[in-house]
Amino acid sequence: MRKQIWLLLAAALAAPLAAAQQYPSRPVTILIGFSAGGTTDIITRMISGELARSLGQPVVIENRPGAGGNIAAEIVAKAKPDGYLILMGSVGPLAINVSLYKSIGYDNLKDLAPITLVAHVPNMLVFSPRAMNPATFQDFVALVKAHPGKYFYASTGSGTSSHLSGELLKQQAGLDITHVPYKGAVALNDVLAGESVHFMFATIPSAINLVRAGKLRALAVTSLKRSGGVPDVPTVAESGYPGFDASSWFGLVGPAGLPPEIAARLSGEVAKILAQPAMREKFIQQGADPVGSTPEAFGAYMRAETAKWAPLVKASGARAD
């Protein structure tokens, strides 16, 4: 009788391991909490084809926009933790939104299992020559300081890293500027017009082609290091504000309880993809810096970022409810 109990217990323990070893045996769906064409969508589609080849199964991309990415994140948080439904999340739903929204329907640090940090994507201060024409970032700060209350800056939404980059600069440089939130990258259309808003902090992939075409000018990026995609554009940190860091980032997560073997398999495959020279160059040309971390490292990063953004959200007064 005791032997039978031990056999049943061993079988029960072996079942999840066997399932993980066979993973995946059917298509894997990556949920995106934003519309097609945005930076999260671009990053996901850049790796999805290679990921499908390495996993030996189709990778399906599904856009579920809404509530700053919270809708898709909540769906994944409540999904079966078997690795067949995962999320490409961004700094918003994975770190900022817990401080921005009164309730987000999930705990970003308890209900989601980190898989891998895919890429850092700095924001870039851009403007239309129709709106202003400073030659350097220092000239920009001097111009705005000389005309308090005159300049308006757009963002991709209240509480996004685009917005909070502006708030951080406002605090550190002592600027009197007005925030105008939009719903997503459509904000760039008004920045291009140079009439109702004068500048914005846009993710590099969303603005890089406009900068290269000369339709927008770029003065600074918000990462601590310069971006490989726009190496001639200095950082805010090196332009007089040491420590300024307000970048976006993107990573894969699954539901809490995701077997470590599955998380490690996905993490390892993505790391191999991002290590390919052609893929690295593709990311860099889009203004994204590829990473490819372990689940443990990504978990620690999510915790640090959640703590980092909370006081800035509070100081900005931003609310999304």
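User: Taking buried to mean under 20% relative accessible area, with exposed over 50% and partly exposed in between (1.4 Å probe, protein chains only), which residues point one way from β5, and which the other way?

Analyst: This is a predicted model, in which local features need pLDDT of at least 70 and side-chain atom pairs count only at pLDDT 80 or more, while totals for chains, interfaces and linings use all residues. Residues are numbered from 1 along each chain as its sequence is written, and side-chain values use heavy atoms, leaving out hydrogens and water. In a regular strand the side chains alternate between the two faces of the sheet. In β5 (strands being DSSP runs of E of at least two residues, helices runs of H or I of at least four, both numbered from the N terminus), five of five residues are buried, with Asn123, Leu125 and Phe127 pointing one way and the other way Met124 and Val126.

User: Which residue of β8 is the bridge partner of valine 126?

Analyst: Strand β5 (residues 123-127) runs antiparallel to β8 and is joined to it by five bridges, where pairing requires that DSSP finds at least two bridges between two strands. Along this pairing, asparagine 123 stands opposite threonine 203. On its other partner strand, β9 (residues 217-221), which β5 meets through four antiparallel bridges, valine 126 is bridged to alanine 218. In β8, the partner of valine 126 is methionine 200.

User: Which residue of β8 stands opposite tyrosine 153?

Analyst: Two bridges join β8 to strand β6 (residues 152-155), and these strands run parallel. Both faces of β8 are covered, with Met200 and Ala202 buried on one side and Phe199, Phe201 and Thr203 on the other. Tyrosine 153 stands opposite phenylalanine 199.

User: Which residues of helix α8 are buried?

Analyst: An α-helix has 3.6 residues a turn, so residues three or four places apart point the same way. Helix α8 spans residues 204-212 and is followed by glycine 214, whose phi is positive, near 85°. The buried residues of α8 are Ile204, Pro205, Ala207, Ile208, Leu210 and Val211.

User: Which are the edge strands of the open sheet?

Analyst: The sheet has six strands in the order β2-β1-β3-β10-β4-β11, with mixed pairing. At one end, β1 (residues 28-32) and β2 pair in the parallel sense over five bridges, and valine 28 stands opposite valine 59 in β2. An edge strand pairs on one side only, which holds for β2 (59-63) and β11 (289-290).

User: How many residues of each kind line the largest pocket?

Analyst: A pocket here is an open set of points on a 1 Å grid over the protein atoms alone, where a 1.4 Å probe fits with protein on both sides within 12 Å along at least five of seven lines, and lining residues have an atom within 4 Å of a point. The largest holds about 790 Å³ (space filled by probe spheres set on points joined across faces, edges and corners), and of its 39 lining residues the closest to the centre are Phe34, Thr156, Thr160, Gly184 and Ala185. Counting Ala, Val, Leu, Ile, Met, Phe, Trp, Tyr, Cys and Pro as nonpolar, Asp, Glu, Lys and Arg as charged, and the others, Gly among them, as polar, the lining divides into 17 nonpolar, 21 polar and one charged.

User: Which element gives the largest share of the lining of the second largest pocket?

Analyst: This pocket of about 260 Å³ is lined by 14 residues, with His120, Ser223, Leu224, Lys225 and Asp289 nearest its centre. The lining comprises five nonpolar, three polar and six charged residues. The elements that give two or more residues are β11 and α11, and the largest share, three residues, comes from α11.
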